[in-house]
Amino acid sequence: MKGRLFIIAGCSGVGKGTLLKLFLEKNPEIKLSISATTRKPRNGEKDGVNYFFISKEEFINSAENNEFLEWAEFSGNYYGTKKSFVEKTLNKGIDLILEIEVKGAAQVKEKLPDAITIFIMPPSVETLEKRLRGRHTEDEQTIQKRLNEAKREIEAGKKFDYQIVNDNLEEALNNLQKIFDAGVNKNAER
Ligand code: 5GP
């Protein structure tokens, strides 16, 4: 029995990092895919843990060699999911989460229609802006860019299989758990 593939997207600052961290602590059998990116590491981020931080040349090379299941440009950087990693994990029967943006999510859903797509919605664009500023990790220009991307992403997120509003963290966590548990019968057959 193959593992299940989940795609989680949500705009920058929606709190999906915190949500996912808590969810994975409660569900250690589920794996989170590590993407490759050309973005520079933020303070505290580690290569091979948060991302594989690679150069633009390396990224383009991998894309040309068809090594990505999906890839996209986001806010001036490239992000991509390695095909081999996804295949290996699912073939081992392990459930896998891809935490990616909406264009990549659409590419995966088209190739693998069984993938379950979940979009994390902010309570409002105003809340999102507040959170993004409060993080103090991006400059003003980057914040503006990410806010514009966020509005576009929220529209795309309406087409996902599930939407979770991240207003109250505990509630959002429960809703996420319900979506994963809904497939529990499938798991039981393994
Ligand atoms: P950040 O720079 O904040 O870590 O990520 C920016 C955006 O890129 C987020 O929406 C994140 O979900 C997305 N992202 C991370 N890895 C991938 C990936 O492998 N593919 C795609 N398409 N998006 C990704």
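Colleague: How do the residues of the shell around the ligand divide into nonpolar, polar and charged?

Modeller: The model is predicted. In the shell around the ligand, five residues are nonpolar, four are polar and seven are charged.

Colleague: Which of the 16 residues around the ligand come nearest?

Modeller: A residue belongs to this group if one of its heavy atoms lies within 4 Å of the ligand. Here Arg39, Tyr51, Tyr79, Glu99 and Glu101 come nearest.

Colleague: Which side chain has an N or O atom 2.5 Å from an oxygen atom of the ligand?

Modeller: For a polar contact, look for N or O atoms paired within 3.5 Å. The side chain of Tyr51 supplies such an atom, 2.5 Å from a ligand oxygen. A nitrogen atom of the ligand lies 2.6 Å from an N or O atom in the side chain of Glu101. With Gly80 the partner is a polar backbone atom, 3.1 Å from an oxygen of the ligand.

Colleague: What percentage of the ligand's area does the protein bury?

Modeller: Taken alone, the ligand exposes 510 Å², and the protein buries 95% of that.

Colleague: Which elements give two or more residues to the shell?

Modeller: They are strand S5 (68-74) and strand S6 (77-82).

Colleague: What is the volume of the largest pocket?

Modeller: Rolling a probe the size of a water molecule over the atoms shows where empty space is left. In this model the largest pocket has a volume of about 1200 Å³, and the ligand takes up space in that pocket.

Colleague: Which element supplies the largest share of the lining of the largest pocket?

Modeller: Helix H1 (16-26) does, with six residues. The lining has 39 residues, and Gly17, Arg42, Glu45, Tyr51 and Glu99 lie nearest the centre of the pocket. By class, the lining holds 13 nonpolar, 14 polar and 12 charged residues.

Conventions. Residues are numbered from 1 along each chain as its sequence is written. This is a predicted model: local features need pLDDT of at least 70, side-chain atom pairs count only at pLDDT 80 or more; totals for chains, interfaces and linings use all residues. Side-chain values use heavy atoms; hydrogens and water are left out. A polar contact is a pair of N or O atoms within 3.5 Å; within protein, one must be able to donate a hydrogen and the other to accept it, and residues adjacent in sequence count only if both atoms are side-chain atoms. Accessible areas come from the Shrake-Rupley method with a 1.4 Å probe; for residues, only the protein chains shown count as cover. On a 1 Å grid over the protein atoms alone, a cavity is a set of points where a 1.4 Å probe fits but cannot get out, and a pocket is an open set with protein on both sides within 12 Å along at least five of seven lines; lining residues have an atom within 4 Å of a point. A molecule sits in a cavity or pocket if more than half of its atoms lie within 2 Å of its grid points. Helices (H or I, at least four residues) and strands (E, at least two) are DSSP runs, numbered from the N terminus. Ala, Val, Leu, Ile, Met, Phe, Trp, Tyr, Cys and Pro count as nonpolar, Asp, Glu, Lys and Arg as charged, and the others, Gly among them, as polar. Grid points are joined across faces, edges and corners, and a volume is the space filled by probe spheres set on the points.
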